[in-house]
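Reader: I've got a two-chain model open and I'd like to learn how to read it. Could you walk me through it?

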Amino acid sequence: MCAWRRLHGSVRTLRGSLLRGCLSSTAATRRQPGRCGGLTLCQRLSTGGALRNDFFKDLEDQLAAMRKKAADALPGSSWMPFEINPNLPPETADIVIVGGGVVGWSIAYWLKQKERLPRGMRVLVVERDPSYSRASTVLSVGGIRQQFSLPENIYLSLASADFMRNINEHLSVMNEDPVDLQFNHSGYLFLASEEVAHIMEENYNTQRLAGAKVSLLSPQRVKENFPWINTEGVALASYGLENEGWFDPWSLLNAFRRKAISLGAIQCFGEVTDFKYTTHIRTTADEEQLETRRIKSVKVQMPNSMEYQPVECAIVVNAAGAYSGKLAEMLGIGRGPQDSIYGLPVPVEPRKRYVYVVHCPDGPGLDCPLLIDYSGVYFRREGLGGNYISGISPEEAEEPDTSNLEVDHQFFEDKVWPKLAHRVPAFEKLKVTSAWAGFYDYNTFDQNGIIGIHPLISNMYFATGFSGHGLQHSPAVGRAVAELILDGGFKTLNLKRMSFSRIFAQEPMLEQNIV
Amino acid sequence: MLKILIPSMFMLLTTWTSPFKQLWSTILMYSFLVATLSLTWLAMPTDTGWFYINNYMAYDPLSSPLLVLTCWLLPLMIIASQNHLAEEPENRQRTYISLLISLQIFLILAFSATEMIMFYVMFEATLIPTLIIITRWGNQMERLNAGTYFLFYTLAGSLPLLVALLIYHSSMGSLSYLSLTSLPLTCSNLYANKLWWMACLLAFLVKMPLYGVHLWLPKAHVEAPIAGSMVLAAVLLKLGGYGMMRIMIILDPLTKELSYPFIILALWGVIMTGSICLRQTDLKSLIAYSSVSHMGLVAAGILIQTPWGFTGALILMIAHGLTSSALFCLANTNYERTHSRTIILARGLQMVLPLMATWWFLASLANLALPPLPNLMGEIMIITSLFNWSFYTLILTGLGTLITASYSLYMFLLTQRGPIPHHLILLEPSHTREHLLLALHLLPLLLLIAKPELVWGWTA
């Protein structure tokens, strides 16, 4: 009964509105039945809507809606007749960078920087962890030093430090805040014992030759400059005077990301689970059959979903950090017969390292470099409130389990604190306020980065395996990989020795470190 | 004539009834046979006049080169599509080939039509298979956009043409080509006559394309699969030119004044699109814009209405058809290997694919109108006739030639010379099929150097 009356009422109003020339029944006209004829039982309890039916206002709204719909449907807009998940990556991309850490985004930035025309290439960065909670970049201690023994590493660090000192020339975006890396130029202080002092001297010479500003200090000078150090057992110390210190890795990552996206790189959160590739069998000069693969497309799986998107691509860059080895396994590297070239895996695996934040009000204070002792323990100042972060690399045999990022606090008590307290007596009284763990992309072969193409996969570039130096080398590595891809070879820094050939020739390029 | 048309129609039947294993070889041989038979069209005992088959179809020295080009292109399209269709299911492959064959049938009917309405219907009919090829088999998401642009630009341009043809028919009684010469529309200086003139030409100018209405072309060429790009560049653009040449006869007295802005627009377009080519990052886009540039010259040559202009336009149309199609095939060989159309990612290829570099070289030289290739003959004749009309066009055409040379060389040097990136060192070597394809494109072009009489129409 009530419904009939309401229907009748609505027909009346429709006719009325047709007479008035309304184009369609809006919410205002539809609410009329409640008021027509005073049917209190069927009265709608709506509180919105015009009290008077304003024809012109409705007309204007409807025309605006029609205009918007017409504008959407015109060829120039991005309206599609079918719904697409906006988080999916595009169907095709020129370069897919697997891994959205600082190395991945650095490469994306440099690729976009070096293309001569805007929108020249489509660069897609695929990262599987939207919150970056397990990424090595953000869990890093954030130090940068030139005190290496390999010239390549020294040059990489020098170039990166130069980049970061002038970061706003490179990475500033119009109308956005300038980049502040909080680069503390406090330097690294390496302490060497009697046995390893000669290595330190050799390294010092290499570093000076390469242009690093490092100075050698005797134990007395160390004590003068840093009175809080216990120089017992220290024969020689090397202190970086310029371009060394620590900075905020998250700021660097975000700066690269923001600039790359402003230049046109595309970000996608998803996991690369599979590759489609074509196989070619060639005969080498020694009459052997070599099977090479060429990636045709990358399958990107959306997080927490069954949806995936195959991205057709020309080049894939493996900047997946600790998981580079697993990514390469999807292409069959490392799964062949053991003694053949196919059986040699990409020697990068995750290694867990702990970092402990301690609070010590009587500690070294503000004038505190990143101190690395010959026993392996290191620490640096964190902030201005008497906090320090510290850690040590565990022994080969005692590598912690890498299935999670749980922190072993006992490790601090057993391994870190005694050595720390020995070197800096003030640290006998400290309190561990927090701790975290992060993964190194550990190169099990020689603990140095791998940059270049894999001989078996024709179009996959690697930039991984930095084993703890990835963050500090990231700007220069990004530039190097971009030069490889776009210029056909290294232009600014010659990193040919860091290619895969050393792994296949089984000639490790080891750092001669004192730790 | 029927010996070409009926076999083409029955090629459709063959596509669907061949055993799958022999599908491509059968269709290839069949279309080669048809193409060889079509060469008989080039033998014309008299220089002018029509050669009749029946009341509805005829050919003359203007349409026979275009007909032969159409028939020659089908086997080339089949060779080019074979690789990328290999992974598709059987029925889709057959459908694709049927679309190509039906396109050829419509084109043969269009070029051999004796009546304007038949030409118009076939002109519109070619849109449908092309649209299906672009939107169904294109590679990127943007192909939907491209199909929309292509369809609506051409349709919007050609609807006025229908109206104009019907007006003419109702006032003159016939639209047959024979009678067109003796029935120009009487010129009273009504504004409506000028609109009628515009309506007649608009469809063809959009199809050519003229510079202001060219937006559909880069999209359609880039998003289409290789066979789609080939047929678009080689033949469909020439439909516009051919239609313009046919309809010029009835537009006579008005064209003297009204064509002025379009000639200037066409010449300006030559320079503009040439400059855009220098900034392109996408290889197919570069070749598409170079098509617009060459067609601008053709449009200017036709609108100038002199014998040399028409001859130059026709020679340039044929030469450009072969060259542009060859360049698209070369771009496709790149694309099939690297899966990317970006130029900077496929550089220094001469080191890896040296024989393909030869074809790149020849095609780039043809594109920049190197003598003695017919491209130059066409361009020189058009430039000369324009110069005869007005000295100042020489600035525009000369600048246009300079820019054409620079972007052609730029394309060649960027793709072939220079250091080769590491990811291209292990590129798949060239297939014989690819060499055959390019040889079949460039051999006719080289042979035309020796006998351009075949393609220079009823003038000269």
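Author: Let's go through the interface, the empty spaces, the salt bridges and a few backbone oddities. Keep in mind that this is a predicted model.

Reader: Okay, the interface. How many residues of chain A are in contact with chain B?

Author: It's 36 residues of chain A, and they meet 32 residues of chain B. Putting the two chains together buries about 2,700 Å², with carbon and sulfur atoms giving 55% of that area. On the chain A side, A:P75, A:L117 and A:R294 lose the most area to chain B, together 19% of what that side buries.

Reader: What about polar and charged pairs across the interface?

Author: Here's the general idea first: side chains of opposite charge can pair when their charged atoms come close. Across this interface the rule finds one salt bridge. A:R122 and B:E142 form a salt bridge through their side chains, at 3.7 Å from N to O. As for polar contacts, ten residue pairs are counted between chain A and chain B.

Reader: Which elements of chain A give two or more residues to the side that touches chain B?

Author: Those are strand 9 (271-283), strand 10 (289-301) and helix 13 (470-487) of chain A. Helix 13 of chain A gives the most, with four residues. Sorted by class, this side of chain A has 17 nonpolar, eight polar and eleven charged residues.

Reader: Now the empty spaces. How do I read those?

Author: Rolling a probe the size of a water molecule over the atoms shows where empty space is left. Take the second largest pocket, which has a volume of about 1,200 Å³. Its lining has 40 residues, and A:E312, B:H84, B:E87, B:N139 and B:H339 lie nearest the centre.

Reader: Which elements supply at least two residues of that pocket's lining?

Author: From chain A, strand 9, strand 10 and strand 11 (308-312) each do, and from chain B, helix 6 (127-137), helix 15 (307-338) and helix 19 (432-450). Helix 15 of chain B has the largest share, six residues. By class, the pocket lining divides into eleven nonpolar, twelve polar and 17 charged residues.

Reader: And how many cavities of 30 Å³ or more are there?

Author: The count is eight. The second largest cavity has a volume of about 70 Å³. Among the residues lining that cavity are A:R116, A:L117 and A:G120 from one chain, plus B:Y410 and B:L414 from the other. You've met A:L117 already: A:L117 is one of the chain A residues that lose the most area to chain B. The cavity lining has five nonpolar, four polar and one charged residue.

Reader: Back to salt bridges. How many are there over all chains?

Author: There are 23 over all chains. One to look at joins the side chains of A:R497 and A:E152, at 3.0 Å from N to O. This pair links distant parts of the chain, 345 residues apart: A:R497 is in the loop between helix 13 and helix 14 (501-504) of chain A, while A:E152 is in helix 6 (residues 151-165) of chain A.

Reader: Last one: which peptide bonds are cis?

Author: One runs from B:M208 to B:P209, with omega near -5°. B:P209 sits in the loop between helix 9 (191-207) and helix 10 (216-223) of chain B. Another runs from B:P371 to B:P372, with omega near -5°. B:P372 is in the loop between helix 16 (354-367) and helix 17 (374-389) of chain B. While you're there, check B:Q305: its phi is positive, about 55°, although B:Q305 is not a glycine. B:Q305 lies in the loop between helix 14 (283-303) and helix 15 of chain B.

Notes: Residues are numbered from 1 along each chain as its sequence is written. Chains are lettered from A and ligands numbered from 1 in the order in which they are written. This is a predicted model: local features need pLDDT of at least 70, side-chain atom pairs count only at pLDDT 80 or more; totals for chains, interfaces and linings use all residues. Side-chain values use heavy atoms; hydrogens and water are left out. Contact means heavy atoms within 4.5 Å. Buried area is the accessible area (1.4 Å probe) that two parts lose on being put together, summed over both. A salt bridge is a side-chain nitrogen of Lys or Arg within 4 Å of a carboxyl oxygen of Asp or Glu. A polar contact is a pair of N or O atoms within 3.5 Å; within protein, one must be able to donate a hydrogen and the other to accept it, and residues adjacent in sequence count only if both atoms are side-chain atoms. Ala, Val, Leu, Ile, Met, Phe, Trp, Tyr, Cys and Pro count as nonpolar, Asp, Glu, Lys and Arg as charged, and the others, Gly among them, as polar. On a 1 Å grid over the protein atoms alone, a cavity is a set of points where a 1.4 Å probe fits but cannot get out, and a pocket is an open set with protein on both sides within 12 Å along at least five of seven lines; lining residues have an atom within 4 Å of a point. Grid points are joined across faces, edges and corners, and a volume is the space filled by probe spheres set on the points.
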